[in-house]
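User: I'd like to go through the charged pairs here and check how each label is earned. Can you take me through it?

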Amino acid sequence: MNKIEKHADICVELNKLYEAKNHDYGDSFGKGFKEYGPVMSAIRLEDKLSRFKSLIKSDAKVRDESIIDTLKDLANYSIMTVIEMEVKE
């Protein structure tokens, strides 16, 4: 599998993850974005980035979420922010 095919596979996986989390949590991200604007998504992205930074440190003790899970969440939050910004226009 080449990198373009791997990218496509990850995008499909991100979409399935987005669908499952939206099913479980509702559109809490969209509602928060409407109420607080892009600041809310910046906070969520910063939280995930902080978790990523913690996980890549060798002395991290809590491993309840993998680095890959965290990166996928970062990707989905970025995409969700683009969606909300484009819906707003």
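User: Why is Lys34 called exposed?

Analyst: Lys34 has 61% relative accessibility, and the labels run like this: buried is under 20% relative accessible area, exposed is over 50%, and partly exposed is in between (1.4 Å probe, protein chains only). So Lys34 counts as exposed. Bear in mind that this is a predicted model, where local features need pLDDT of at least 70, side-chain atom pairs count only at pLDDT 80 or more, and totals for chains, interfaces and linings use all residues. Residues are numbered from 1 along each chain as its sequence is written, and side-chain values use heavy atoms, with hydrogens and water left out.

User: What makes Glu84 and Lys34 a salt bridge?

Analyst: The term needs a side-chain nitrogen of Lys or Arg within 4 Å of a carboxyl oxygen of Asp or Glu. The closest N and O atoms of Glu84 and Lys34 are 3.3 Å apart, so the pair fits. Glu84 lies in helix 4 and Lys34 in helix 2 (residues 28-36), so the bridge ties together parts 50 residues apart in sequence; helices here are DSSP runs (H or I, at least four residues), numbered from the N terminus.

User: And why is Glu84 buried?

Analyst: Its relative accessibility is 10%, so Glu84 counts as buried.

User: How do you know that Asp73 bridges Lys48?

Analyst: Their closest N and O atoms are 2.9 Å apart, so the pair meets the cut-off. Asp73 also meets Lys21 in a salt bridge, at 3.1 Å, and Lys21, Lys48 and Asp73 are linked in a network.

How values were computed
Helices (H or I, at least four residues) and strands (E, at least two) are DSSP runs, numbered from the N terminus.
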